[in-house]
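Let's take a friendly walk through this model, looking at its pockets and then at its nonpolar cores. Please keep the 3D view open as you read.

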Amino acid sequence: MTPQLTIPTSLEWHEDHLVILDQQKLPGAVEYVHLYTIKDYYDAIITLKVRGAPAIGITAAYGLAQAAGGYETESLEEFKTLFKKDKAHLLSSRPTAVNLSWALERLERELYQAATVNEAKTDLLHTAIQIHAEDEDMCRRIGENGLELLHDAHRVMTICNAGSIATSKYGTALAPFHIGREKDRNFQVFACETRPVLQGARLTAWELQQSGVDVTLITDNMAAHTMKTKDIEAVIVGADRVAANGDTANKIGTSSLAILCRHFGIPFYVAAPSSTFDLTIDSGDDIEIEERSSTEVTTLGQSVIAPEGVPVFNPAFDVTPHDLISAIITENGILYPDFKQSIADTLN
């Protein structure tokens, strides 16, 4: 008999506010945060209480819609001015994940269809709810497509957390593993710890355990040895932004795995919903890479692990060139090289 699955979720809308799983507290504590104000939403995104490109987009959409619902004006023009100010504030929180701007721009397009302030408030919230629902459907379809692509593969490596707690449900890169459990198909997943914030150790390992997936944790610098000695058959990762040519920004360390895969002859797969593609940029050279606080590198929990005053370079993401990617898994199917053509054919 199949064990009872518990696929964690990170977002739940409660009529007048959003409840999120505080991912900063995992795995030590499972705590939820209630977001009511634009400040709450901004803080949740920038401090990584909520993270993962799709979850960031959903959260920002709810935050902007909720803020707009509180504007005390009957003037649609004044409403739009307030909306644009709050939109710009939320956009500044995380520059690399394209789902953030995608979701907020979708709300803005909806706003410009409204004839009155009341209509705008209603439509904006409905759009945020729709984005949330659509993401769950997209993730399930990505998982089904990924499961098909992995076919006979059993031992798979991943990095960071592109799972159910980074989306509305199922995730992107982790979706095949969750859906595989539903279908009695078992994987052995090797999760890189993902320094410096340890999303792989704290989040992916915890999430897959909750879902009953066989997961083994490794440090990032064990990847090459693990690929060789554990017969890794595929690597699958998520994405924060995919350029028109297939270059992909994802958590720092991803490009290293792609290079190792080329050396060992292992397929390297990217899982991404259509909302993560940015066709306004030609290549990864145009992707802004967020740099975060040096304390993420110089401390571990409450412990200082580096000499005081040492210079730190802390990019949160790197870009994997398209020629190192074997396939991109989307909700609309599996894309293969030539990515520029396959992406254009699928998304246009």
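What follows covers the pockets and then the cores of this predicted model.

**Pockets**

The largest pocket has a volume of about 310 Å³. Its lining is made of 13 residues, and those closest to its centre are Gln24, Pro196, Val197, Glu296 and Gly301. Two elements, helix H10 (295–298) and strand S12 (299–300), each supply at least two residues of that lining. Domain 1 (11–135) and domain 2 (151–347) are both represented here, with at least three lining residues drawn from each.

The second largest pocket holds about 160 Å³ of space. If you would like to select its lining, pick Val98, Ser101, Trp102, Glu105, Ser274, Ser275, Phe277, Asp278, Leu279 and Thr280. Helix H4 (98–111) and strand S11 (277–278) are the elements that give two or more residues to this lining. The largest share comes from H4, with four residues.

Where does the second largest pocket lie with respect to domain 1 (11–135) and domain 2 (151–347)? Both domains give residues to its lining, so the second largest pocket lies between them.

Here are the two linings by residue class.

| Pocket | Nonpolar | Polar | Charged |
|---|---|---|---|
| Largest pocket | five residues | five residues | three residues |
| Second largest pocket | four residues | four residues | two residues |

**Nonpolar cores**

Now for the buried side chains. The largest nonpolar core has 37 residues, and Leu18, Phe79, Phe83, Leu107 and Leu124 are those with the most contacts inside it. Several elements give two or more residues to this core: the strands are S1 (11–13) and S2 (18–21), and the helices are H1 (38–46), H2 (53–69), H3 (76–91), H4 and H5 (117–150). Which of them gives the most? That is H2, with eleven residues.

Leu18 is a good residue to zoom in on. Leaving aside neighbours within four places in sequence, Leu18 is in contact with Leu11, Glu12, Trp13, Val33, His34, Leu35, Tyr41, Thr59, Tyr62 and Gln66.

Apart from this core lies another one, of 27 residues, which includes Tyr170, Leu174, Val213 and Ala271.

H4 is a handy element to keep in view when moving between the two topics. This helix gives four residues to the lining of the second largest pocket, and H4 is also among the elements that give two or more residues to the largest nonpolar core.

Key:
Residues are numbered from 1 along each chain as its sequence is written. This is a predicted model: local features need pLDDT of at least 70, side-chain atom pairs count only at pLDDT 80 or more; totals for chains, interfaces and linings use all residues. Side-chain values use heavy atoms; hydrogens and water are left out. On a 1 Å grid over the protein atoms alone, a cavity is a set of points where a 1.4 Å probe fits but cannot get out, and a pocket is an open set with protein on both sides within 12 Å along at least five of seven lines; lining residues have an atom within 4 Å of a point. Grid points are joined across faces, edges and corners, and a volume is the space filled by probe spheres set on the points. Ala, Val, Leu, Ile, Met, Phe, Trp, Tyr, Cys and Pro count as nonpolar, Asp, Glu, Lys and Arg as charged, and the others, Gly among them, as polar. Domain bounds come from an automatic or database domain assignment. A nonpolar core is a set of buried Ala, Val, Leu, Ile, Met, Phe, Trp, Tyr and Cys residues joined through side-chain atoms within 4.5 Å. Buried means under 20% relative accessible area, exposed over 50%, partly exposed in between (1.4 Å probe, protein chains only). Contact means heavy atoms within 4.5 Å.
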